[in-house]
Structure formats: C-alpha cells, structure tokens
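Colleague: I should like to go through the charged pairs and the nonpolar core of this model with you. Please reason each answer through before giving the value or name.

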Amino acid sequence: MAEQDGGAGAAVDAIALARAYYLEERHQFGCAETVYMVLKAAYGLDDPMDSAAAVALNGGIAYSGGLCGAITGAALAVGMLAERRISSHAAAKRVAREIVADTLEAFREVHGAVDCRVLIGYDLRAPGGHEAFLASEVWRTSCMRQIEFVVARLARLADARAWERAVRDVEAPPGA
C-alpha cells in the first residue's frame, strides 16, 4: 500500500506543479510544454525548465487542432525516460510507445476525444480563434483537466517499482 501512496504523492506534487506552470498569470506555457516540463521534473531528467522541444506542439501541433498537446508533451518525456532506463534503444522505443498508446486510449475514454479542436471547440489558427479560446477560459477548465489527467497517469513512472510494472506489462505476452 505504501508503494501506491508514494506514486499518488508524486502525482499530486506533479499536478500542483502543472497547475502552477499552466495557470500562471502570464500563461507562458501551453499544454504540451507544461506536461513535458512537469514530467521531466518528476522523472529527474535534465533541464526540466527547458520546454523548447514542446513549444510547437501546443494546440494540437502548431495550433492545427490535432493530437492534444498534453499527450504529445508527455510522449517526449516518456521517451526520454525510457531511453535513460532501458539500455536497448529498440526496447526503449517499444516501451515508450506502449505506455503512450495506453495513455492515449485512457485519455480518449475519459475525455471523449484526443484531438485538440474537438476537445476545446475552437480553431486556434482561424482569425481570432486563439483570442476567443483564451477569452472563453476553456484552457483554465477543460485543458487543465486534460493536463492533470496525463500528469497524474504518468508521473507515477518516476517511482522505480511503478516503472518496472509498466515495463513488465508491455513485455507480457498478449492475453497474459
């Protein structure tokens, strides 16, 4: 039971950090950047405040309305963690893909979609679209819930035992 409590504590801390970054007054960081930085911090990866790899992923990749930035930002961090913890590049890729795919499906089940435009109801690239989105404050409610979901689900992987379970799940034969 303590094992689960430790993972839950890490998720709570990561959610608090995500809220601090994403809801910050200047709204400096988008969804992808926030999740990427928070998970890098949770995982003890280098330069957690460097959001550069995720800056074009917000709004469903360059405001295109595609895959939610919370998921794409998470994919970057999970990939980095897998590369750090698994010596075989091929195995690290397989594990990272499966963890992200599992998160993607759970996200779809909970939120009803995975594409940003569907989730927020705005075309961010249309004239006035981004401004309307900000004014609606959907980002404070819906987007924040989606960020929290992804962070809570994946921050637990910082714990070595949770990571080992996730790797075992990926490596288990189908139907096992």
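Colleague: Is R26 buried or exposed?
Modeller: The model is a predicted one. Exposed status requires a relative accessible area over 50%. R26 has a relative accessibility of 61%, so this residue counts as exposed.

Colleague: With which residue does the side chain of R26 meet in a salt bridge?
Modeller: Side chains of opposite charge can pair when their charged atoms come close. A salt bridge calls for nitrogen and carboxyl oxygen within 4 Å. For R26 the N to O distance is 2.8 Å, and the partner is E24.

Colleague: How many residues apart are R19 and E148, whose side chains meet in a salt bridge?
Modeller: The N to O distance in this salt bridge is 2.6 Å. R19 belongs to helix 1 (residues 2–22) and E148 to helix 7 (residues 138–155), so the pair links distant parts of the chain. Their separation is 129 residues.

Colleague: Is D159, the salt-bridge partner of R161, buried or partly exposed?
Modeller: The closest N and O atoms of R161 and D159 are 3.4 Å apart. Buried would require a relative accessible area under 20%. D159 has 22% relative accessibility and therefore counts as partly exposed.

Colleague: Which helix gives the most residues to the largest nonpolar core?
Modeller: This core has 55 residues, and I147 is one of those that touch the most other members. Beyond its neighbours within four places in sequence, I147 is in contact with residues including A18, Y22 and A70. With ten residues, the element that gives the most to this core is helix 7.

Key: Residues numbered from 1 in each chain as written. Predicted model: local features only at pLDDT ≥ 70, side-chain atom pairs only at ≥ 80, totals over all residues. Heavy atoms only, no water. Helix = DSSP H or I, 4+ residues; strand = E, 2+ residues; numbered from the N terminus. Buried < 20%, exposed > 50% of the residue type's maximum accessible area, 1.4 Å probe, protein only. Core = buried A, V, L, I, M, F, W, Y, C linked by side-chain atoms within 4.5 Å. Contact = heavy atoms within 4.5 Å.
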